[in-house]
Amino acid sequence: MHQLKTKFSSFGSEPTGGGQWLHLHLHSPVDGSTVSVVAGHKPPDPFFASGSFLMFPWVNRLEPNPWARDPFYPSVHWLTDGNGISLHGLFHNLPRFVVEETESEQKSLVKFGIEIPESWKGTLLSQIQVREVYELTASELKIIYELENQSNEDFPFALGIHPYFRLHEEETIDDLFLIGSGFHQIKLGDYLLPERVLDDELVINSEIPLSGKSFDDLYLAKGGEVPYIGLFSMNKKEKLIISGGNFYQVFTPQDRKSIAIEPMTSTGNFLHFPGASPSMVHAQSEKKIEFSIRLDQF
């Protein structure tokens with residue numbers, strides 16, 4: 001396990017276990033208490049039953065999938081759903097190694113490299129260097145991905161993270177409310193592949209009680225401001241803000257002990273969905289993608 005700490009916050013992950021998140025404790029700006037905000041992966045749960053991981057070079061589902069060929073498929077690094085649709089990208093469970101680390105009472109940082117399988121070497125994907133950076137302060141964790149395209153061709157991609165959240169170790173999310181900056185829902189079809197943007201209605205722009213509600217939905221930010229989705233409890237004065245990316249997947253597991261809020265640069269099936277807006281790292285260039293998890297006050 002790797003642990004990143006400041007005087008008032010801590011973040012634990014498992015670099016050799018696909019970078020899975022184990023915990024995130026942030027400093028309340030309201031009363032100075034320590035607040036648990038992430039429902040981390042708990043072995044022996046299945047890898048995708050809890051916790052967080054990187055989704056790259058695609059997010060959620062991609063069909064048809066141009067990567068479904070040697071040396072990427074079949075592979076131990078390939079995961080499909082029950083319908084054979086490929087999930088979450090090829091990087092979802094690759095081991096990490098520390099490249100750089102600094103620690104202080106105010107701000108701590110760790111940068112991980114990602115180990116690719118030997119069989120990938122010599123492919124285009126082996127020329128896309130990915131660094132995963134975590135920057136921790138008292139009340140915020142920034143997650144930064146540094147992409148370097150060392151090849152001579154442009155590389156389109158979709159990138160996201162897949163964290164599960166809860167607040168204050170509460171047993172259920174039913175006491176929480178969802179808030180956001182305003183989104184358009186994306187209609188999902190068979191196998192949860194996106195079909196079209198429902199742009200006639202704005203959603204997640206006011207308080208939504210989670211009690212009794214279930215989500216497995218994809219959203220596109222309305223534009224005009226930095227998009228975010230957040231959580232708060234009527235019993236507390238903090239709010240948790242998740243930002244970064246123009247697309248968000250929101251999912252409530254059956255046990256209702258947490259809620260997945262997944263910020264992404266693009267949709268699932270990003271190569272084939274007209275509204276996906278794929279990101280691009282151009283040949284011989286670099287690009288950064290940043291997400292944030294922050295405790296704030298009303």
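Here are some friendly notes on the structure above, point by point.

1. **What kind of model this is.** Please keep in mind as you read that this is a predicted model. The chain has 0 helices and 25 strands, so get ready to look at strands!

2. **Overall dimensions.** The C-alpha trace of the chain spans about 55 × 50 × 40 Å along its principal axes. For 298 residues, a compact globule would have a radius of gyration near 19 Å, and the 18 Å of this chain agrees with that. Buried residues account for 54% of the 298 residues. Take the contacts between residues at least 6 apart in sequence: 65% of them join residues at least 24 apart.

3. **The nonpolar core.** In soluble globular proteins, nonpolar side chains tend to be buried together. Here the largest nonpolar core holds 74 residues. Which of its members touch the most other members? They are Val37, Phe56, Phe91, Tyr134, Tyr145 and Leu178. Try selecting Leu178 in your viewer. With neighbours within four places in sequence left aside, its contacts include Ile204, Ile208, Leu210, Phe215, Ile229 and Leu231. Ile259 and Ile261 are also among the contacts of Leu178, and both belong to the strand in the next point.

4. **Strand 23, a covered strand.** Strand 23 takes in residues 259–264, and 6 of its 6 residues are buried. In a regular strand the side chains alternate between the two faces of the sheet. You can follow that pattern here: Ile259, Ile261 and Pro263 point one way, while Ala260, Glu262 and Met264 point the other way. Notice that Glu262 is on the list of buried residues too.

5. **The partners of strand 23.** Strands of a sheet pair through backbone hydrogen bonds, either parallel or antiparallel. Which sense do we find between strand 22 and strand 23? Strand 22 (residues 247–251) pairs with strand 23 in the antiparallel sense over 5 bridges, and valine 250 has isoleucine 261 as its bridge partner. Strand 14 (residues 164–165) also runs antiparallel to strand 23, joined to it by 2 bridges. There, phenylalanine 165 has isoleucine 259 as its bridge partner.

6. **A buried arginine.** Arginine 166 lies in the loop between strand 14 and strand 15 (176–180). Is arginine 166 buried or exposed? Its relative accessible area is 16%, so arginine 166 is buried, the cut-off being under 20%. Leaving aside neighbours within four places in sequence, arginine 166 is in contact with Ser36, Val37, Val38, Ala39, Lys42 and Lys257. You have met one of these before: Val37 is also one of the core residues that touch the most other members.

7. **An open sheet at the start of the chain.** Strands 1, 2, 3 and 4 form an open sheet of 4 strands in the order 1-2-3-4, with antiparallel pairing. Strand 1 (2–5) and strand 4 (34–36) stand at the edges with a single partner strand each, so one side of each has no neighbour in the sheet. On average, neighbouring strands of this sheet are turned by 15° against each other, direction ignored. Strand 1 pairs with strand 2 (residues 10–14) over 4 bridges in the antiparallel sense. Within this pairing, histidine 2 has serine 13 as its bridge partner.

8. **Salt bridges.** How many salt bridges are there? The count comes to 9. One of them joins lysine 111 and glutamate 146, with the closest N and O atoms 3.2 Å apart. Lysine 111 sits in strand 9 (residues 108–114) and glutamate 146 in strand 11 (residues 140–149), so this pair ties together parts that are 35 residues apart in sequence. Lysine 111 counts as buried, at 16% relative accessibility.

9. **Two pairs that are partly exposed.** Glutamate 195 and lysine 187 form a salt bridge with closest N and O atoms 2.9 Å apart. Glutamate 195 is partly exposed at 44% relative accessibility, and lysine 187 is partly exposed at 33%. Arginine 294 and aspartate 296 meet in a salt bridge as well, at 3.2 Å from N to O. Arginine 294 is partly exposed with a relative accessible area of 26%, and aspartate 296 is partly exposed with 25%.

10. **A network to finish with.** Salt bridges that share partners join Glu100, Lys111, Glu146 and Lys288 into one network. The pair of lysine 111 and glutamate 146 is a good place to begin looking for it.

Technical notes:
Residues numbered from 1 in each chain as written. Predicted model: local features only at pLDDT ≥ 70, side-chain atom pairs only at ≥ 80, totals over all residues. Heavy atoms only, no water. Salt bridge = Lys/Arg side-chain N within 4 Å of Asp/Glu carboxyl O. Buried < 20%, exposed > 50% of the residue type's maximum accessible area, 1.4 Å probe, protein only. Core = buried A, V, L, I, M, F, W, Y, C linked by side-chain atoms within 4.5 Å. Contact = heavy atoms within 4.5 Å. Pairing = 2+ DSSP bridges. Axes fitted to C-alpha atoms, helices over the stretch in contact; angles between N-to-C directions. Rg over C-alpha atoms; globule rule 2.2 N^0.38 Å.
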